[in-house]
Amino acid sequence: MKKPAAARITINEVDRGLWPILAELFGQSFDEPWPLASIENLMAPTGCWALIAEFANDEISYPCGFALARAVGDEGELLSMGVIPEFRRRGVASSIMKALARQALHRGVREIFLEVGVDNISAKHLYSVSGYVEVGRRENYYRRANRELVDALVMKVVL
Ligand SMILES: CC(C)(COP(=O)(O)OP(=O)(O)OC[C@H]1O[C@@H](n2cnc3c(N)ncnc32)[C@H](O)[C@@H]1OP(=O)(O)O)[C@@H](O)C(=O)NCCC(=O)NCCS
C-alpha cells in the first residue's frame, strides 16, 4: 500500500499579483473582511514585502498563512501575520517567523519590532518562542470588536 505523502510547509515571498489571496488569508485569520484596498494601503510605504505560507503534500497545496513586513535601513517591522483556523497548531506560524527572519537579514535588517495585544495569548507565545522579548507597552492601542480598548506590547528580536 502506498504510504501517505508527508505534508510540508513552504513559505514564499509574493508580488502584487497574489495580493487578492493575501486579502483572503488576512480576512480568514482575523475573522473579519479585509478588502484588497486595505492590503494595498498597508503595503504602500517603501520597503514592504509579503509572504504566503502553503501547506502541501503530493496531492494538494493550500495557502494557509501570511505575513506582511517592512524594512527601513537595519530596522524591520512585522506589520501583520496570521494562519487560517483550520491550519493552526501545525507549525505554520513558526515556519513563517523563521522565513521572515532569513528574508529580513537578507535585506540588511538587524532587529525586528512588532506589536501584539496583551490579550493575544497565542501570538504572545509564538513571538516568545521565536526569540522576541518585550521592550515597551502602548496603552489602549487596539479597539476590539466589543469596543474594549486593549494595550499592545512592543516586542523585538535581534537577528
Ligand atoms: C498566532 C497564530 C499566528 C499562531 O499560528 P500557528 O500556525 O497556530 O502557530 P504554530 O503552530 O507555529 O505555533 C507556534 C507556537 O506558538 C504558540 N501558540 C500557537 N497557538 C497557541 C495557542 N492557541 N495557545 C498558546 N500558544 C500558542 C506555541 O508556543 C506554539 O508552539 P507549540 O505548538 O510547540 O506549543 C494564529 O493563532 C493566528 O493566526 N491567530 C489570529 C491572528 C493573530 O493573532 N495574528 C497575530 C497578530 S499580532
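**Exercise 1. Find out how many helices and strands this predicted protein has, in what order they come, and how compact the fold is.**

Step 1. Count the elements: in this predicted model, the protein has four helices and seven strands.

Step 2. Walk along the chain from the N terminus, and the order reads β-α-α-β-β-β-α-β-α-β-β.

Step 3. Now compare with the globule rule. For 159 residues it gives 15 Å, and the radius of gyration is close to that at 16 Å, so the protein is as compact as a globular protein of that length.

Step 4. Add the overall dimensions: the C-alpha trace spans about 60 × 40 × 30 Å along its principal axes.

**Exercise 2. Work out whether the end-to-end length of α3 agrees with its number of residues, and where its buried residues lie.**

Step 1. With 15 residues at 1.5 Å a residue, α3 should span 21 Å. The end C-alpha atoms of α3 are 21 Å apart, which agrees.

Step 2. List the buried residues of α3: V92, A93, I96, M97, L100 and A104. They lie on the same side of α3, because they cover an arc of only 135° around the axis.

Step 3. Recall a helpful rule. An α-helix has 3.6 residues a turn, so residues three or four places apart point the same way.

Step 4. Turn the helix around: R102 and H106 are exposed on the other side of α3.

Step 5. Look for the packing partners. The buried residues of α3 pack against β1, β2, β3, β4, β5 and α4.

Step 6. Finish at the end of the helix: α3 is followed by G108, which has a positive phi, near 90°.

**Exercise 3. Decide whether A71 is buried, partly exposed or exposed, and name its contacts.**

Step 1. Locate A71 in strand β3, which covers residues 61-72.

Step 2. Apply the cut-off: a residue needs 20 or more other C-beta atoms within 10 Å to be buried. A71 has 19, so A71 is partly exposed.

Step 3. Leave aside neighbours within four places in sequence, and the contacts of A71 are G47, G76, A104, R107 and V109. One of these, A104, is also among the buried residues of α3.

**Exercise 4. Describe the shell of residues around the ligand.**

Step 1. Count the shell: 20 residues surround the ligand, and the closest are R88, A93, S122, H125 and L126.

Step 2. Trace where they come from. Two or more residues each are given by α1, β4, α3 and α4, with α4 providing the largest share, six residues.

Step 3. Sort the shell by class, and you find ten nonpolar, seven polar and three charged residues.

Definitions and conventions:
Residues are numbered from 1 along each chain as its sequence is written. This is a predicted model: local features need pLDDT of at least 70, side-chain atom pairs count only at pLDDT 80 or more; totals for chains, interfaces and linings use all residues. A residue is buried if 20 or more other C-beta atoms lie within 10 Å of its own, exposed if 12 or fewer, and partly exposed in between; C-beta atoms are placed from the backbone. Two residues are in contact if their C-beta atoms, placed from the backbone, lie within 7 Å. A residue is near a molecule or strand if its C-beta atom, placed from the backbone, lies within 6 Å of it. Ala, Val, Leu, Ile, Met, Phe, Trp, Tyr, Cys and Pro count as nonpolar, Asp, Glu, Lys and Arg as charged, and the others, Gly among them, as polar. The expected span of a helix is 1.5 Å times one less than its number of residues. The arc is that of the directions from the helix axis to the C-beta atoms. The radius of gyration is taken over C-alpha atoms; the globule rule is 2.2 Å times the number of residues to the power 0.38.
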